[in-house]
Each structure stands twice: as C-alpha cells, then as structure tokens.
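Please open the structure in your viewer and give me a guided tour of it, one selection at a time. I am new to this structure, so tell me what to select next and what is there.

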Amino acid sequence: MERKKFIKQTLLTFPALYLGSSWLFSSCKKDDETQTGNWRGDVIVIGAGIAGLHASKLLMNLGLNVTILEATDKTGGRIRALSGMAEYDIQLGAEEVHGKNSEWYKLVTSTPGVTLHIPNGEDYYFLNGNLKSETNWAGDSVLAQAQTFVAAATNYNGAEVTVLEAEVAKGNNPANFNITNALIGNEYGTSNSRLSIKGITEEDNLWESGDDNYNLKTGSYKDVLNHHYSGVIDKVILNNAVVEIDYSGEKISVKTKNNQTYTADRLIITTPLAVLKKEIINFIPALPAEKKAAISKIGMGAGMKIILKFKNRFWDAATGSIIGGTNSVIIWTPGLGKSNTPILTTFVMGEKAEYLSNLGSDATNVLLAELDLMYGGNVASASFDEVYIIDWTKEPYINGAYSYPVVGGGIAQRIQLAKNVGKKIYFAGEATNYKGHSATVHGALETAIRVVNELTQD
Ligand SMILES: Cc1cc2nc3c(=O)[nH]c(=O)nc-3n(C[C@H](O)[C@H](O)[C@H](O)COP(=O)(O)OP(=O)(O)OC[C@H]3O[C@@H](n4cnc5c(N)ncnc54)[C@H](O)[C@@H]3O)c2cc1C
C-alpha cells in the first residue's frame with residue numbers, strides 16, 4: 001500500500017496541513033511502553049510473518065524456549081516476492097517502507113545488498129475518459145476537488161460515516177470518485193464505501209513513523225528476513241496449520257492440521273485478522289465476547305496485485321502511478337528508477353478486488369482493455385507478454401489484504417483485540433497495532449515488541 005502518499009502529493013497545495021500533522025507526530029510521547037519482564041517459560045508462536053518472526057527472535061534472545069508453527073510452506077507471510085519476471089524481485093505483498101522512524105526501516109537499511117530510494121515518478125490521472133499527467137491536469141476543477149477531499153480526509157470532524165458517504169454529503173462530483181477511491185479506500189485496503197472516515201482520521205493522528213515512502217532500489221525484503229531472522233527461520237515448523245488452541249488447563253495445548261500436539265505455558269497468535277474472523281482456529285474455551293466483538297468490528301477484505309509484463313513500454317518513462325481506472329483502481333511502475341523491463345503492478349482492494357477475484361484469470365483481459373482505453377487503440381493488449389496474479393483473499397491462511405477501520409469500529413477495537421486472554425493467549429500482528437501503524441510491516445513488528453514486553457511480565 002502507499003499510505004501517506006496522498007499527503008505527500010498534496011504538499012505543495014496544502015503546506016499548512018502538512019506542517020500541522022508533522023508537528024502532531026513529533027509531539028507524541030512514547031511513555032506508555034513497557035520493557036521486558038522476568039517471566040520465563042515455554043512459548044508457542046503461531047504464524048511466521050514479520051510479527052511472529054520478530055516476537056520469536058526477541059523471546060529467543062531472552063533465552064525462552066519457543067516453538068513457531070506456520071501453516072504454509074514459507075515464512076514471511078504478507079512479505080513475499082516474485083522472482084524471475086524481472087531482473088529484480090517484484091514485491092507481491094508489502095512493497096514500500098513507510099517512513100524512517102521505525103525498527104523495520106533500520107532492519108531494511110542495515111541489510112547487506114538492500115538499499116532504498118524514493119523514485120518520485122509522475123502520477124497520471126484517468127478522469128472523464130482522459131489520461132493525463134498531474135502537470136497536464138493543472139487547473140482542472142474536478143481533479144482539484146478530488147485532491148482537496150483526499151487531503152482533508154484524515155482531518156475529518158463530522159458524523160461517523162464511510163468515506164463515500166462523506167464525499168456524497170459534500171456534493172462532490174461523482175466523476176472523481178474512482179480517484180478518491182484509489183487514493184483513500186484502496187490505500188487503506190478496501191473501498192471508500194466500506195472505510196470509516198473518522199477511523200482513518202483517528203489512525204492518521206497517531207502516525208509517527210514519518211511521511212516519506214521508500215521503495216527497494218536493490219535487494220528484496222526476503223534478504224532482510226534472511227539476514228536478520230536466520231536463527232528464527234531455521235526453527236519455524238512449516239506446513240503445520242494450527243486448528244485448535246485449548247487453554248482451559250494450566251498448560252496450553254495446540255493441535256495442528258497434521259494431528260500433532262504442542263504444549264506451552266503462554267502463546268502468541270499472529271495470524272491475520274481474517275483468519276480469526278473465519279474461525280479457522282477453534283479456541284477452548286471460546287474467546288471472550290469482547291474479543292469476538294473486536295474481531296468483527298475491524299475490517300479486512302479482498303486485496304490483490306496483478307503484475308503485467310509487456311513487450312514494450314507504452315507509458316511515459318517517468319510514470320509513477322496511473323490513478324482512477326474503473327477496475328484497475330491504481331497501477332504503478334515497480335521498476336521505476338531501477339529497471340527498464342516494462343512491468344506494471346495493479347493494486348486493487350475492496351469491492352474491485354472482489355470483482356476481479358471472481359473473474360480469476362479473466363481479470364487480465366479486463367485490465368488490458370482498461371489500459372487500451374487509457375492509452376488508445378489496442379496498445380496494451382498488443383504488447384502484453386505475461387501476467388502473475390496474487391490474490392491474497394484466496395491464500396487460505398491470509399484470506400484478505402490488511403485491516404482497516406469500519407464505521408462503528410476504531411482504535412478502541414484494536415486495543416481490545418490486542419488484550420491478552422488470561423495471561424495465556426497473547427495477540428500480535430498488524431491488526432493489533434493501536435498506535436496508528438496497523439496495515440504496515442513496521443506496525444506488525446511493533447506489535448511483536450509490545451507482546452513480548454507484555455508476555456514476559458509475571
Ligand atoms: C498487497 C499488499 C500490499 C501491502 N503493501 C504494504 C506496503 O507497501 N508497506 C507496508 O508496510 N505494508 C504493506 N502491506 C501490509 C503488510 O504486508 C502487513 O501488514 C504485514 O506483513 C503483516 O505481518 P503480520 O506478521 O501481522 O501478518 P502475516 O505476514 O500475514 O503473517 C501471519 C502468518 O500467520 C500464518 N498463519 C495463518 N493462520 C495460521 C494457522 N492457523 N496456523 C499457523 N500459521 C498460520 C500465515 O500463513 C502467515 O504466515 C501490504 C499487504 C498486502 C497484502
């Protein structure tokens with residue numbers, strides 16, 4: 001996702017707004033963070049995404065005995081790369097590092113062979129049937145209205161409604177709804193029709209990690225994981241999906257799909273929120289009602305990336321993103337500033353992802369037709385070479401993109417989700433980040449630190 005991108009985009013237009021939020025970020029205190037405690041015992045960690053890997057590493061460093069159970073045949077979770085389509089790894093999940101003020105930024109930039117950059121391409125907007133660069137749209141009142149709405153969306157002070165309801169209430173021109181959906185709903189992992197505008201304001205006011213978005217210039221996030229978590233990765237028990245957690249006795253007993261049983265004193269669960277929503281794991285006793293309510297009051301829905309490779313580049317070389325297509329929502333150039341291989345990444349969340357997901361491999365034709373419409377003739381379909389679709393909703397142990405605030409939800413739900421149950425079951429993972437960094441890698445990593453501090457208290 002490209003969270004914060006819209007704020008960066010509107011910097012020149014709204015400098016006061018930007019300065020205001022930077023001041024707010026720097027004024028936040030970190031005085032509520034605890035340190036690790038003295039409790040020692042056996043711990044099971046469920047899930048080997050960044051939250052599971054980082055929590056395991058911290059626990060192992062403290063000398064605790066840790067068993068890590070991962071459902072799939074790989075570590076990294078929603079950090080995953082496609083090798084071979086280009087001369088660099090294309091990121092299928094997390095792609096950008098959001099801001100410098102995070103442990104994740106430190107890990108990435110301290111990995112040999114991995115460097116970051118800000119490619120700063122030019123954005124193209126598809127509006128009223130025309131595709132033009134932002135420079136060439138200058139002065140257009142419809143695009144200006146969309147940009148004004150986007151810039152103010154995280155400073156909202158009205159009724160508790162969806163982003164779409166807020167823009168309709170404002171009387172905005174529906175012609176720009178695809179653009180606002182691309183820059184708000186889609187970035188937050190859903191659609192404007194499902195996203196709480198108060199919810200994103202609440203989260204954004206807590207954001208502390210910085211506003212620059214970095215892309216990989218060299219290397220891959222898997223290099224980062226292999227470099228910093230090698231001792232943990234070696235210990236992960238793969239292909240071992242947890243199906244039952246029995247915490248009724250003194251010891252916790254965990255059953256896996258392979259009919260294996262593991263026991264421990266305490267347990268950390270880092271599965272995506274959608275896995276909890278689907279009740280893939282049976283808890284004995286059932287999770288408390290407040291926990292179940294929190295699980296249902298945080299959103300997590302469909303999301304996918306469709307990577308399109310072409311024989312020739314038909315877009316301008318400086319193109320960063322192509323924003324506002326009906327189904328393509330937002331398309332970007334993953335190789336900008338590092339490769340000439342003509343590849344576009346389509347990043348689609350929420351309603352549009354459901355639509356494309358249902359089409360299966362036919363989704364490619366829909367996207368090519370849309371690109372033809374934008375660029376004229378059959379330029380895209382004639383140049384099409386190959387496609388790779390990662391449909392995160394169809395990944396059985398992910399089941400969607402990432403968490404987002406719904407109307408009637410909010411940070412209070414994340415706080416509830418993050419609470420341990422009986423000092424036995426501890427919750428981590430991006431959805432449990434209640435400090436404004438949910439839906440990100442660095443946010444997931446922060447929850448690992450929080451949960452280890454909490455779990456090691458007597
Ligand atoms: C398309 C997309 C783009 C994104 N872009 C960015 C971005 O640019 N920047 C950014 O910072 N973030 C981005 N994110 C979000 C980021 O990837 C996630 O927030 C982060 O990786 C989540 O880490 P996690 O450890 O919480 O969960 P995960 O990485 O999902 O790890 C959870 C693990 O639990 C395992 N699991 C599930 N069920 C079971 C079970 N029953 N038993 C055992 N194991 C189980 C899963 O297989 C998985 O490995 C993106 C995500 C997606 C999907």
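Start with the whole chain, which is a predicted model. For 458 residues, a compact globule would have a radius of gyration near 23 Å, and the chain, with 22 Å, agrees with that. Along its principal axes the C-alpha trace spans about 65 × 50 × 40 Å. Of the 458 residues, 48% count as buried. Contacts between residues at least 6 apart in sequence mostly reach further along the chain: 74% of them join residues at least 24 apart. Switch to a cartoon view to see 16 helices and 23 strands.

**First stop: the five-stranded sheet**

Select β10, β2, β1, β14 and β23, which form an open sheet in that order, with parallel pairing. At the edges are β10 (236-237) and β23 (425-427); each has a single partner strand, so one side of each is left without a neighbour in the sheet. Now narrow the selection to residues 42-46, strand β1, and residues 266-269, strand β14. Four bridges pair these two strands in the parallel sense. Which residue of β14 is the bridge partner of Val45? It is Ile268.

Add residues 50-61, helix α3, which packs on this sheet. Helix α3 touches β1, β2 (65-69) and β14, and its direction makes about 165° with that of β2.

**Second stop: α3 and α9**

Keep α3 and add residues 221-233, helix α9. The two helices pack at an angle of about 55°, and their axes are 9 Å apart. That angle makes α3 oblique to α9. Their crossing is left-handed. To see the contact, show the side chains of Leu53, Ser56, Lys57 and Met60 on α3, then Leu225, Tyr229 and Val232 on α9, where Gly231 also takes part.

**Third stop: the hairpin of β12 and β13**

Select residues 252-256, strand β12, and residues 261-264, strand β13. These strands run antiparallel and are joined by four bridges. Lys255 has Thr261 of β13 as its bridge partner. Four residues lie between the strands of this hairpin, and Asn259 takes a positive phi near 65°.

**Fourth stop: the seven-stranded sheet**

Another open sheet has seven strands in the order β8-β7-β18-β19-β20-β17-β21, with mixed pairing. Its edge strands, β8 (130-133) and β21 (384-391), each pair on one side only. From one strand to the next the twist averages 20°.

Zoom in on residues 303-310, strand β17, which runs antiparallel to β21 and is joined to it by seven bridges. Where in β21 is the bridge partner of Ile307? Look at Tyr388.

Next, add residues 177-185, helix α7, which packs on this sheet. The strands touched by α7 are β7 (122-127), β18 (319-325) and β19 (329-332). The direction of α7 makes about 125° with that of β18.

**Last stop: α11 and α15**

Select residues 289-296, helix α11, and residues 411-418, helix α15. Their axes are 8 Å apart, and the helices pack at an angle of about 130°. The two are therefore oblique to each other. Here α11 passes α15 in a left-handed crossing. On the α11 side, show Glu290, Lys291, Ala294 and Ile295; they meet Gln413, Gln416 and Leu417 in α15.

Notes
Residues numbered from 1 in each chain as written. Predicted model: local features only at pLDDT ≥ 70, side-chain atom pairs only at ≥ 80, totals over all residues. Pairing = 2+ DSSP bridges. Contact = placed C-beta atoms within 7 Å. Axes fitted to C-alpha atoms, helices over the stretch in contact; angles between N-to-C directions. Rg over C-alpha atoms; globule rule 2.2 N^0.38 Å. Buried ≥ 20, exposed ≤ 12 C-beta atoms within 10 Å, placed from the backbone. Parallel < 35°, antiparallel > 145°, perpendicular 65-115°, else oblique. Left-handed = near helix turned anticlockwise from the far one by under 90°.
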